[in-house]
Structures are given as structure tokens and as C-alpha cells.
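Good morning, and thank you for joining. I would like to take you through one structure, beginning with burial, then the charged side chains, the strands and the backbone.

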Amino acid sequence: FEWISGVSFQKAFEVLPGFVPALMLMFPLAIGLIAGFYPAFVIASLRPVASLKGLSTTSGFSLRTPLVVVQFGITSFLLISTGVIIHQLDYMQNRDPGFNQDQVVILNVGGPGINRKIDVFRSELLRNPNVVNVSASLTLPGDLTYTMPYSISETLYENSENFPGFYVDPQFVSNMGIEVVSGRAFSDDIITDTLNFMLNESAVKELVARHGPEWNDPVGKPLHYFRSSNSGWRVAKSGVIIGVVRDFNFASLHHAIQPMVLQVDYKLLYKVLVKIRPENTPSTVSFLRDTWNQQNFGRPFNFQFLDERFAQAYEKEKSFGNLFTCLAILSIMISAFGLYGLVLHTTSRRSKEISIRKVLGANTSSLVALLGKGFLRPVIIAFVLISPLAYYLMSLWLTQFAYQQGIGIAIFLQSASACVLITGVTVLSRTLKVSRANPVQFLR
């Protein structure tokens, strides 16, 4: 199971919603009860006298059709669920996060006394033509950020806004490809930018909601950052808002974009982000390692690509998708084998009827249609009955994402087509053989 799905049993129960493990535990019990009940019911319904005369010995009730409905109900649920999961994963992996995460190498240089070496390190790295840009920050997109109090007045802490703060260097915005929608980005050439701030669009909307429409253009307006001390809260930094950046997902798509304040602080730059060219990646990484060792940072060289790191936020969903894909394939196989057994039984039981119809002029297509519609009906019933439940449960699953693809009609159409195709191929493979057989061998 782990080899096929890529998910261990323990992890499978961790990634599944709470209702699924309960169903998985109840399912074997239900199958065991049905497997024991049905033969007992058939044996109990035998009529000995009729059996000795060669007549039918059981009542007209049959569990064959309900079992087909149950089998294809489970298959339909798994197909719909798998479709929703795959669509959501594709949406998360391809949605623009608002920053450039490709070909960005992360190096962790954090630690006391390390920050003063970053400028020298940056200069050495930029000597390599395969290094496009170098920037630094305290945390990374996808990390939790610190919530800090900011106010439009240095005397009004009680009216402050608690926004996540993102500590960066002046190159961060350009290196990460974050769009500046108004004002300007931080600059190395302007010393006072260590006192200034940049906001994202969500922070501007929050300020407009709190302080009025004049904050639709916050560039040039004052902002103050507060920090706690023994004597209470005090202003730690006073500056102006110099620019507004487009909202970017500094956390995974599980979370909505929050208001954010960007500010420069050279003492709090623990992560170096190196933008490199896609050509000669191994040699570029080797150059980064050599340059790192020359700087004597006091820690081993470890690197990670930003896009790979960001993708780790969705490992749970990937495992969930692999698990459901594995279960869907297994369910399709079981349903197909079960349906084929039922078709085999039905065609054997109705062989004389088929032969008589063929003698009377029925062609192969009409015989296939006659037998096929009897099997297609319970499959359609199963799909119609299970679709609302699948929609409801997968809608609950999608609520964990602030940004979601939704459940479109295409997923249901694709799943229904798959069920019909499975039924058609399974039924056709047997009914064609029977309908083309010589009727004489069944009428003797």
C-alpha cells in the first residue's frame, strides 16, 4: 500500500478527514455482515420439494442490484473526491503567489554577529554571472511572521493596528519580483529608508476602513512602530510610508493574505535569498558553497530552493491525493470484477432467451443494448445518490483553504463518464461473446 500510494498507514490516518477513518473501520464490518448474511438468506429461502423437481428454489428478491449500487456508489464517491483534490492541488501549485519563487536559493546565515557579514557575502556572490541578485530577510514566504503594533500617531498606541511585520533589506522587493503598485521600493542609496515603511494592499484597505478614504493613497503619510519596554509601550521607529506592494502570499493558500508592513532592519536579516540563472545550476551551487566557506559563518552550508520549500506546505494534500487515487483505482478494479461476475451470471442464466431472440431476428447491437441497460441503470442510480454526499463532504474539505478552485460541474461529468465507460467495457466484453455465439448450442 505504501509503495503504491506513497503514504504510510499512520500518515494516511493523519491526512484523512475525521469521518473517513470511521468509515474505513465500519466498511469491513459491513462487508463481513453482508457476506455472511446473503448466503444464509439464500439457503434459508430454499424450497426442498421444488428443488427436487428442478424448479427455481429461491424467492424473487436478489441482492445483486443493490450490491452493484453500493459498489459503484463507492467508486463514484472516490472518483469525485479524487477529481476535487487533484483540481485543488493543481490550482495551488499554479496560482501566482505574487512573488517569484523560481530559481531562488535559500541560505540560513542567522545568528548573533552574523548580519554585518551579509554585505560582504552579497558582493562576493554577485561576482558570479550566474547570480542574478541577492537579498535578505528575517523570515521567508510561507513562514509565520511576527505581529507588531503600528499607529498613524506616535501618541495613540491604543488605536494602533496589529499588522504582521516583514523585515527585509532594500533588495528584497526587486529580487523577489514583488510588484510596487504605488510609490517606490526601498533603496540602498537613501539612508532614511531604514526608518520608512512599505505596505501591502490589504494593509491599505485596513487603514481605509479604520481612518477614512484619505488613506487610499498612503504614500508620504507617517507611520509609527511600537515596542514594549519596562515602562510600557514606546515608539521604536517613526517614519513615512514610501510605497505599496501588491498582495502576495507570504503564507500558504490555507491562509488568506493579511495586512503586512515591510521595513528595513539590517540587524534582523537571517535568511539570504540568492536568485540564480537556470543554466549551470550545479556549478552555481558549488560556487555558493565555496563562497560560504570563505566567509566563515560558523555553520555548515545548507541550501534549499524556495519553490521546493513552498511546495512542502502542501505535502499533506499531496499525500491525501495519492491515497484517494490509490483507493479509486482499487475501487474501480473491484467494481469491474464484481460487475463482470454479475454479467457472466446473467448471460448464462438468459442464454436461451438470447438465443431465441437471435433466431427471431434480433441483431447483435439490440442484444447488447438489451443486456447493457439492465446493468447501466444501477450504476446511474448509484452516481445520482452519491453525488450530493460527495459534494457536501468535499466542500467541507475545501474550507481549510482560503483560496480554492471550487467544485465544478466538469468533475461530476468526468466521474460519471468514467463510471459509464467502466460499465460499458465490462458489459460489452461478455455480451458481445454471447450474442455472437451459435444459438443452437444453447437451445439443445
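Let me start with a definition: a residue is called buried when its relative accessible area is under 20%, exposed when it is over 50%, and partly exposed in between. C326 has a relative accessibility of 14%, and therefore counts as buried. C419 is buried as well, because its relative accessible area is 1%. As for cysteine pairing, the disulfide count comes to zero. Please bear in mind that what you see is a predicted model.

Now the overall picture. The chain has 444 residues, of which 44% are buried. Its secondary structure comprises 15 helices and 11 strands. If we take the contacts in the chain with a separation of 6 or more, 78% of them are between residues 24 or more positions apart.

I turn to the salt bridges. How many salt bridges does a search of the whole structure find? The search finds six. In general terms, side chains of opposite charge can pair when their charged atoms come close.

The pair E124 and R127 forms one salt bridge, with 2.7 Å between the closest N and O atoms. E124 is partly exposed, because its relative accessibility is 24%. R127, at 64% relative accessibility, counts as exposed.

Next, D193 and R184 meet through their side chains in a salt bridge of 2.8 Å, N to O. Is D193 buried or exposed? D193 has a relative accessibility of 2%, so this residue counts as buried. Its partner R184 is partly exposed, at 30% relative accessibility.

A further salt bridge joins the side chains of E201 and R246, at 3.5 Å from N to O. This pair links distant parts of the chain: E201 belongs to helix α8, residues 201-211, while R246 sits in the loop between β8 and β9, and the two are 45 residues apart. E201 counts as partly exposed at 22% relative accessibility, and R246 is partly exposed with a relative accessible area of 37%. There is also a network: D119, R122 and D169 are joined into one by salt bridges that share partners.

Two charged residues without a salt bridge deserve a separate look. The first topic is D247, in the loop between β8, residues 232-245, and β9, residues 261-264. D247 is buried but has no salt bridge; K205, the nearest side chain of opposite charge, is 4.9 Å away. A salt bridge requires a side-chain nitrogen of Lys or Arg within 4 Å of a carboxyl oxygen of Asp or Glu, so a distance of that kind does not qualify. Which side chains make polar contacts with the side chain of D247? One is that of N200, at 3.4 Å, and another is that of S202, at 2.8 Å. Leaving aside residues up to four places away in sequence, D247 touches G98, N200, E201, S202 and I257. E201 is thus found among the residues touching D247 and also in the salt bridge with R246.

The other topic is K237, which lies in strand β8. K237 is likewise buried without a salt bridge, and the nearest side chain of opposite charge is D265, 5.3 Å away. A polar atom of the K237 side chain lies 3.2 Å from the backbone oxygen of V264. Beyond four places in sequence, K237 touches several residues, including T194, L195, F197, H224 and V264.

Now to strand pairing. Strand β3, residues 146-151, runs antiparallel to strand β4, residues 161-168, and five bridges join them. Within this pairing, T147 stands opposite P164. Strand β3 is also joined to strand β7, residues 222-229, by two bridges, again antiparallel. Here S151 stands opposite H224, and H224 is one of the residues that K237 touches.

Finally, the backbone. Most residues other than glycine have a negative phi. Q103 has a positive phi, near 55°. Q103 is located in the loop between α5, residues 64-94, and β1, residues 104-108, and is partly exposed because its relative accessibility is 23%. N280 also has a positive phi near 55°. Where is N280 found? N280 is in the loop between β10, residues 271-276, and α9, residues 281-295.

That brings me to the end of the presentation. Thank you for your attention.

Note on methods: Residues are numbered from 1 along each chain as its sequence is written. This is a predicted model: local features need pLDDT of at least 70, side-chain atom pairs count only at pLDDT 80 or more; totals for chains, interfaces and linings use all residues. Side-chain values use heavy atoms; hydrogens and water are left out. Helices (H or I, at least four residues) and strands (E, at least two) are DSSP runs, numbered from the N terminus. Buried means under 20% relative accessible area, exposed over 50%, partly exposed in between (1.4 Å probe, protein chains only). Lys and Arg count as positive and Asp and Glu as negative; His and the chain ends are not counted. A polar contact is a pair of N or O atoms within 3.5 Å; within protein, one must be able to donate a hydrogen and the other to accept it, and residues adjacent in sequence count only if both atoms are side-chain atoms. Contact means heavy atoms within 4.5 Å. A disulfide is a pair of cysteine sulfur atoms within 2.5 Å. Two strands pair if DSSP finds at least two bridges between them.
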